[in-house]
Amino acid sequence: MNGAEYIVKFLEDKGVDLVFGYPGGAVIPFYDVLLKSTKIKHVLTRHEQGAAHAADGYARVTGRPGVCIATSGPGATNLVTGIANAYLDSIPLIAITGQVGLDGIGRDSFQEADISGITMPITKHSYMVKQLEKLPSVMEEAWYVATTGRPGPVLIDVPKDIFNGEADFANIPVSIATRKRLLKNGLQEQLAKVIASLKEAKRPLIFAGGGVISGNATAELEKILDYTAIPLVSSLMGKGAVSETRPDVLGMVGMHGQATANLALSSCDLLIGLGVRFSDRVTGKPENFLTETKIIHVDIDPAELRKNVKTDIPVVCDAKTFLKELLARLQEEKLSFNLKDWQQTIAYWKKEFPLTYQTGSKLKPQQVIEEVVRQAGSKVIVTTDVGQHQMFTAQYYPIGGFRNFLTSGGLGTMGYGLPAAMGASFGRPEEDVILFTGDGGFQMNIQELATIAQHNLSLKIFILDNCCLGMVRQWQELFYDRHYASTIFERDPDFVKIAEAYGLKGLKLDSAVNSAEIVREALEFQGPVLIHCLVDQEENVLPMVPPGGKPDEMLGRWRGETHISRIG
């Protein structure tokens, strides 16, 4: 068989049933073979960035690697943002790009770009296949790298000659360079220290990150919470690690975290971080972060330990194994926890500092989200783009299902939401997918409405349109004396008409009075719906920890106050 046939067969053998892509000259041989496959469905997106984000969304909701394809040159470079997004959020992705012929490489040939070099810093590994007999080993190693340990994207650049070249692949040996390294601070060496710390703690707290979700550790984490009654907070990427309808789940921490979650983080005497990066959105200035708190950091990637914050007990381990072993040890020693005082303090914070906003004549984004929650419930798949709406959704939408929350965490990619929601809908076609997006981010990949309409996906798109780049505008209001430099959209399009032009149902929502009726109509419609929500331009995301602030130094409206004041 030729190289293209081998790659398609490899993907079939790995159980790949869906790929996203956009063809071009250098990948015509691959597409010619892919068309004949009876096991793999190809989704033609309307832009390569859409293909990368859709593959990302598919991977997040299924737990299986997403696959995207692009041609050489601009096709390949259009994947870069999606690959970087997957890299920072640890999402398994296989990107296959075409390349000019081997004799044309390095000659500035038509549509040539060194995509393996370009993506080297944003992939777990990038490959260029220059010898046909190396193709089986490259494919096998790439799959292994993407799915083993901390997941992430890989890129395989395939020159046209390799697609067309023929070989007896059955007789080519396959070898994988696993690049193993010794793991220090492993579980067995550190578990006794963890147990001892738990025995001493009066105010313990668990901090769940995306590693809990990618490590399929939800069941184990729930058992730990049930056994110990230790409260839990999450990062943005850890949202939905366990059902947020549980009373012991305090919400998201960080710059726009819930007040109770941030206060618990600031006041705990023992913090167990599970699969978290301790990013600057959580820590502020690292040197000021929880200076009096003992920190246990569990992560499968040794490079993350002690990278951003001081750690007393680093543990190189995946979250699932750690939690399983921890529970066994706790049960073996019959340890019990008396956290009544700690729980009473948290209950007081919940009462004193709830999420709140002021209603008025203008529709508030929080009102839209709350109405969707009321009607759709916590078990639907929820996707966001990036901006104010993203933080409002993280605050106000309780996620109750596993792998049900998709957002761009590390890279903060505007334009992520629509194609990612599309990928999620392909990944779990029997379930409704709800997207909250802004008027800015939505227009960055608006062309994927055509793909959504073509496949009649069960996707409900809520555009929270405030006619501005809301998050940047908020910073300009609070820290730049309302100097709104290039953040106000003087004229937004009629998104309902745009939806109808693409073949979707379009609805307009501009008042809280009829929000229940409009949301009900959207959710009951069989097929994709776009709901254009005209919301208050000046509504800010609160609470907010100012840049460099400690978690308990929050701006917000407390105890019915109309002005913004600070806790801490």
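**Why we call it that**

Trainee: Why is Asp-481 called exposed?

Mentor: Its relative accessible area is 72%, and the cut-off for exposed is over 50%, so Asp-481 qualifies. Keep in mind that this is a predicted model.

Trainee: Where is Asp-481 found?

Mentor: Asp-481 is in the loop between helix 21 (470–479) and helix 22.

Trainee: What phi does Asp-481 have?

Mentor: A positive one, about 55°, although Asp-481 isn't a glycine. Most residues other than glycine have a negative phi. Lys-334 is another non-glycine with a positive phi of about 55°. You'll find Lys-334 in the loop between helix 14 and helix 15 (340–352).

Trainee: How do you know whether Lys-334 is buried or exposed?

Mentor: Check its relative accessible area, which is 72%. Over 50% counts as exposed, so Lys-334 is exposed.

Trainee: And what joins Leu-542 and Pro-543?

Mentor: A cis peptide bond, with omega at about 5°. Most peptide bonds are trans. Pro-543 itself is in the loop between strand 18 (529–534) and strand 19 (554–556).

Trainee: On to the rings. How many aromatic pairs are there?

Mentor: The count comes to 15.

Trainee: What makes Phe-278 and Phe-289 an edge-to-face pair?

Mentor: Take it in two steps. The centres are 6.0 Å apart, and the limit for a pair is within 6.5 Å, so Phe-278 and Phe-289 pair. The planes are at 65°, and over 60 degrees counts as edge-to-face, so that label follows.

Trainee: Which parts does the pair of Phe-278 and Phe-289 tie together?

Mentor: Phe-278 is in the loop between strand 10 (270–274) and helix 13 (280–283), while Phe-289 is in the loop between helix 13 and strand 11 (294–299), so the pair ties together parts that are 11 residues apart in sequence. Phe-278 has a relative accessible area of 2%, and Phe-289 has 2% too. Under 20% means buried, so both rings' residues get that word.

Trainee: How do you know what kind of pair Phe-442 and Phe-495 form?

Mentor: The ring centres are 5.6 Å apart and the planes are at 80°. That angle is over 60 degrees, so this pair is edge-to-face. The pair links distant parts of the chain, with Phe-442 in helix 19 (residues 439–442) and Phe-495 in helix 22 (residues 495–502), 53 residues apart. Phe-442 and Phe-495 are both buried. Elsewhere, ring pairs link Phe-20, Tyr-58 and Phe-426 into a cluster.

Trainee: What lies over the face of Phe-405?

Mentor: Lys-239, at 5.6 Å from the ring centre. The distance limit for that call is within 6 Å, so the value meets it.

Trainee: Is Leu-236 buried or exposed?

Mentor: Its relative accessible area is 15%, under the 20% cut-off, so Leu-236 is buried. Leu-236 lies in the loop between strand 8 (232–234) and strand 9 (249–252). Beyond its sequence neighbours within four places, Leu-236 has contacts including Met-252, Phe-405 and Gly-409. Leu-236 and Gly-210 are 26 residues apart in sequence and 8.0 Å apart in space, C-alpha to C-alpha.

Trainee: What about Arg-60: buried or exposed?

Mentor: Arg-60 has a relative accessible area of 7%, under 20%, so buried is the word. Arg-60 is part of helix 3 (residues 48–62). Leaving aside neighbours within four places in sequence, its contacts include Asp-89, Met-237 and Tyr-416.

Trainee: Why is helix 11 called roughly parallel to helix 14?

Mentor: The axes of helix 11 (residues 218–228) and helix 14 (residues 319–332) come within 9 Å and cross at roughly 30°. Angles under 35 degrees count as roughly parallel, so helix 11 and helix 14 fit that class. Their crossing is left-handed. Among the residues that meet are Leu-221 and Ile-224 in helix 11, and Leu-323 and Leu-327 in helix 14.

Trainee: And what makes helix 16 oblique to helix 23?

Mentor: Helix 16 (residues 365–376) and helix 23 (residues 515–524) pack at about 55°, with their axes 10 Å apart. Under 35 degrees would be roughly parallel and 65 to 115 roughly perpendicular, so about 55° leaves oblique. This crossing is right-handed. The contact includes Val-372 and Arg-374 of helix 16, and Val-519 and Leu-523 of helix 23.

How values were computed: Residues numbered from 1 in each chain as written. Predicted model: local features only at pLDDT ≥ 70, side-chain atom pairs only at ≥ 80, totals over all residues. Heavy atoms only, no water. Phe/Tyr/Trp six-rings, centres within 6.5 Å; stacked < 30°, edge-to-face > 60°. Helix = DSSP H or I, 4+ residues; strand = E, 2+ residues; numbered from the N terminus. Buried < 20%, exposed > 50% of the residue type's maximum accessible area, 1.4 Å probe, protein only. Lys NZ or Arg CZ within 6 Å of the ring centre and 35° of its normal. Axes fitted to C-alpha atoms, helices over the stretch in contact; angles between N-to-C directions. Parallel < 35°, antiparallel > 145°, perpendicular 65-115°, else oblique. Left-handed = near helix turned anticlockwise from the far one by under 90°. Contact = heavy atoms within 4.5 Å.
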